[in-house]
Amino acid sequence: MTPLSLDDREDVALHQILDGNIPQFLRRFVPIHTRMTDSAGHTVRATYWVMPDYLSVGGNRDFARLPLTPMTAQQIADSLRCFLPTRKMVDDIYRQARVRPEPVPIYIYRDSALMFLNHHYIIEGQRQNRKGLIAGIKKDVVLSGKISRAGKTDRVAIYGWHRTNGQPIQPLYTGHVNRYVDYSHGIRLVYRKVRVNSRWMDYRDVLQHPVYRALLCDEEWCDFFRYGE
């Protein structure tokens, strides 16, 4: 991918992933549990299922985490009946992760495919073959009501890259145009069906519910459901 343009690079990534060239361990999603208390004092519990690591190409022994534009990420998510997380979900995932390395910033050639691979190798050195849900290693591409209310809608929302004290390096930010991708961005897929108490709900219905939306979203507006709408 190193000599390719952004468009060509995204096209290769899209076809490789949808053709099944992803690590086997990414195919088994893991549960994230959350709960809230409604105005009547009742506890509402929910579970959603997330990819245990960021979207990658390759096999279990030879793979690379691959930053993508939100448009390509959305095509992949739609094809796999998934969605992208919100800021609150990124925080919940981090708190429940088993592997939480310290973020390692890089300051040169941030948008090059070679630096994507270098950052992947740094993460692998930190991970040291530990298994399980990993978090804090990327800025997530997220859903945010800030996009639908921005003067410019061609934006990507990013958030996360948590330090080991639980504080994110990247606050919720929509300043980048949606064609900008750098080594620090990551795509975490979430299965679109959410279990709320004993009921299965589509994530859109949860985000639009006047009470249940707090299970997935901590913003004032939770009405941005996917990129490209």
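The legends below describe close-up views of a predicted model.

**View 1. Helix H4 and its buried face.**
Helix H4 covers residues 113-127, 15 residues in total. From first C-alpha to last, H4 reaches 21 Å, close to the 21 Å expected at 1.5 Å a residue. Seven names mark its buried positions: Ala113, Met115, Phe116, His119, His120, Ile123 and Arg127. These residues sit on the same side of H4, because they cover an arc of only 155° around the axis. An α-helix has 3.6 residues a turn, so residues three or four places apart point the same way.

**View 2. What H4 packs against, and where it ends.**
The buried residues of H4 pack against three elements. One is helix H1 (6-18). The others are strand E4 (63-65) and strand E7 (155-162). Just after H4 comes Gln128, with a positive phi of about 55°.

**View 3. The open four-stranded sheet.**
Four strands form an open sheet in the order E8-E7-E6-E9. Pairing in this sheet is mixed. Strand E8 (168-177) and strand E9 (185-186) stand at the edges. Each has a single partner strand, so one side of each is left without a neighbour in the sheet.

**View 4. The E7-E8 pairing.**
E7 and E8 run in the antiparallel sense, paired over five bridges. Arg155 has Val177, in E8, as its bridge partner. Strands of a sheet pair through backbone hydrogen bonds.

**View 5. The largest nonpolar core.**
This core holds 61 residues. Tyr48, Leu189, Val196 and Tyr227 touch the most other members. E7 gives the most to this core, with five residues. A second, separate core has five residues, including Tyr54, Val99, Ile134 and Ile137.

**View 6. Around Tyr227.**
Neighbours within four places in sequence are left aside here. Tyr227 is then in contact with Pro70, Gln74 and Leu84. Its contacts also include Val141, Val142, Leu143 and Ile147. Arg155, Val156 and Ala157 complete the list for Tyr227.

**View 7. Lys193 in strand E11.**
Lys193 belongs to strand E11, residues 193-196. Lys193 is partly exposed, with a relative accessible area of 26%. Not counting residues up to four places away in sequence, Lys193 touches Trp49, Arg81, Trp200, Met201 and Asp202. Gly228 lies 35 residues from Lys193 in sequence. In space, Lys193 and Gly228 are 20 Å apart, C-alpha to C-alpha.

Definitions and conventions: Residues are numbered from 1 along each chain as its sequence is written. This is a predicted model: local features need pLDDT of at least 70, side-chain atom pairs count only at pLDDT 80 or more; totals for chains, interfaces and linings use all residues. Side-chain values use heavy atoms; hydrogens and water are left out. Helices (H or I, at least four residues) and strands (E, at least two) are DSSP runs, numbered from the N terminus. The expected span of a helix is 1.5 Å times one less than its number of residues. Buried means under 20% relative accessible area, exposed over 50%, partly exposed in between (1.4 Å probe, protein chains only). The arc is that of the directions from the helix axis to the C-beta atoms. Contact means heavy atoms within 4.5 Å. Two strands pair if DSSP finds at least two bridges between them. A nonpolar core is a set of buried Ala, Val, Leu, Ile, Met, Phe, Trp, Tyr and Cys residues joined through side-chain atoms within 4.5 Å.
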